[in-house]
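Q: Please take a close look at one strand of this model, at its neighbours and at the ligand site, and describe how these parts are arranged.

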Amino acid sequence: MPHIDLYSDTRTRPTPAMRRAIAEAEVGDEQAGLDPTVNALNERVAALLGTEAAVFLPSGTMCNEIAIAIHCRPGDEVISHRFSHVLSYEGGGPSHLAGASTWGIDGANGMFTAAELEAAIRPPNRYLPRSRLVVVEQTSNTGGGRVWPLAEIEAIAAVTRRHGLALHMDGARLMNAVVASGIPAATWAAPFDSSWIDFSKGLGAPIGACLAGSAAFIHEAWRLKQRWGGAMRQAGIVAAAALYALDHHVDRLAEDHANAKRLAERLADVDGIEIDPTGVDTNLVYFHVRKPGWDAARLTEAAAADGVVFGSFGPSRCRMVTHLDVTTQDCDTAAAVVSRLLGA
Ligand SMILES: *Cc1c(COP(=O)(O)O)cnc(C)c1O
């Protein structure tokens with residue numbers, strides 16, 4: 001039986017070469033600024049994103065929540081897509097940790113336009129929450145791994161400037177957008193007040209993310225990192241994996257994207273699966289189960305019993321994610337298993 005895990009790009013395991021980089025890392029006390037590997041990673045990410053500074057954090061969720069807490073005062077409102085990670089998958093963090101309320105825009109493919117944003121911004125009025133921060137998720141996760149058009153982001157940035165709002169990028173899969181678009185990370189990050197990249201998704205490292213912004217912003221981020229228990233000690237052990245990933249696992253994301261496209265095309269040929277392969281920009285493949293007697297839960301359960309693991313998101317919607325530990329052959333096998341199950 002195959003063992004193919006398409007549940008998420010978080011399922012990657014460190015490669016032998018990455019484990020060697022981890023074993024050989026020079027380390028020190030990270031929270032005292034004495035870990036040379038973490039310091040090198042922070043400088044590397046600041047240069048990559050074109051910002052003054054960056055700070056290594058245990059997770060992307062902490063990057064988002066620290067940024068929200070810096071940009072917002074209690075009672076302020078965070079605007080994002082209604083299915084974005086910050087609104088849907090961070091345990092109510094904006095309200096608990098920053099005291100911020102949230103507003104979700106209902107745009108297509110997990111994205112919204114500058115006009116849709118402008119319509120969502122509250123007029124200054126003491127009855128209303130104060131709109132304060134806009135969060136853009138690049139790529140859009142539950143929106144299908146779509147790459148936001150750069151022109152739309154620039155138009156959104158112009159709207160936020162006009163209204164005095166801050167703009168934050170959830171860049172969990174920014175490097176997928178970079179590889180898919182050919183547009184450098186610094187160009188994507190330039191319109192934002194803060195941004196971050198995750199190392200534990202498609203880049204294949206076990207732990208960690210880096211939040212980037214101005215020197216003053218990162219100074220504040222350090223205060224919250226310390227307060228919330230995110231300051232570490234010999235964190236160079238994990239930062240070494242992140243540096244290794246930046247050196248060796250960025251360009252290869254193109255393979256994940258090609259595999260995802262191929263997987264989508266194979267699935268489009270299966271009777272009972274609804275998918276538009278032209279909507280697959282990166283490594284996330286969402287589809288609907290449209291077969292009498294079948295739903296997403298039944299299909300994921302049956303496929304898992306046959307060694308193909310993927311997720312269900314709602315009654316008919318499923319997601320398969322390509323990554324470092326998934327081969328082209330695995331994608332063909334996964335599509336064949338789905339086809340056999342639904343054809344039986
Ligand atoms: C995974 C993810 C996060 C959170 O990152 P963690 O490192 O898992 O905390 C945030 N935003 C998006 C879009 C994600 O996919």
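A strand and its surroundings

A: In this predicted model, strand S5 (residues 130-137), helix H7 (residues 150-163) and S6 make a β-α-β unit that is right-handed. The two strands of that unit, S5 and S6, run parallel and are joined by five bridges, with valine 135 standing opposite histidine 168 of S6. S6 also runs parallel to strand S7 (residues 194-198), to which two bridges join it, and here the bridge partner of histidine 168 is serine 194.

Strand S6, residues 166-170, is mostly covered, since five of its five residues are buried. This cover extends to both faces of S6: Ala166, His168 and Asp170 are buried on one side, and Leu167 and Met169 are buried on the other.

Asp170 also belongs to the surroundings of the ligand, where, of 15 residues, Gly60, Thr61, Asp170, Asp198 and Lys201 come nearest. An oxygen atom of the ligand lies 2.8 Å from a polar backbone atom of glycine 60, while for threonine 61 an N or O atom of the side chain is 2.7 Å from a ligand oxygen; asparagine 141 places a polar side-chain atom 3.2 Å from an oxygen atom of the ligand. Of the 380 Å² of accessible area that the ligand has on its own, the protein covers 87%. Helix H3 (60-71) and S7 are the elements that give two or more residues to the shell around the ligand, and the largest share, three residues, comes from H3. By class, this shell has six charged, seven polar and two nonpolar residues.

Technical notes
Residues are numbered from 1 along each chain as its sequence is written. This is a predicted model: local features need pLDDT of at least 70, side-chain atom pairs count only at pLDDT 80 or more; totals for chains, interfaces and linings use all residues. Side-chain values use heavy atoms; hydrogens and water are left out. Buried means under 20% relative accessible area, exposed over 50%, partly exposed in between (1.4 Å probe, protein chains only). Helices (H or I, at least four residues) and strands (E, at least two) are DSSP runs, numbered from the N terminus. Two strands pair if DSSP finds at least two bridges between them. A crossover is right-handed if, with the strands pointing away from the viewer, the path from the first strand over the helix to the second runs clockwise. A residue is near a molecule or strand if one of its heavy atoms lies within 4 Å of it. A polar contact is a pair of N or O atoms within 3.5 Å; within protein, one must be able to donate a hydrogen and the other to accept it, and residues adjacent in sequence count only if both atoms are side-chain atoms. Accessible areas come from the Shrake-Rupley method with a 1.4 Å probe; for residues, only the protein chains shown count as cover. Ala, Val, Leu, Ile, Met, Phe, Trp, Tyr, Cys and Pro count as nonpolar, Asp, Glu, Lys and Arg as charged, and the others, Gly among them, as polar.
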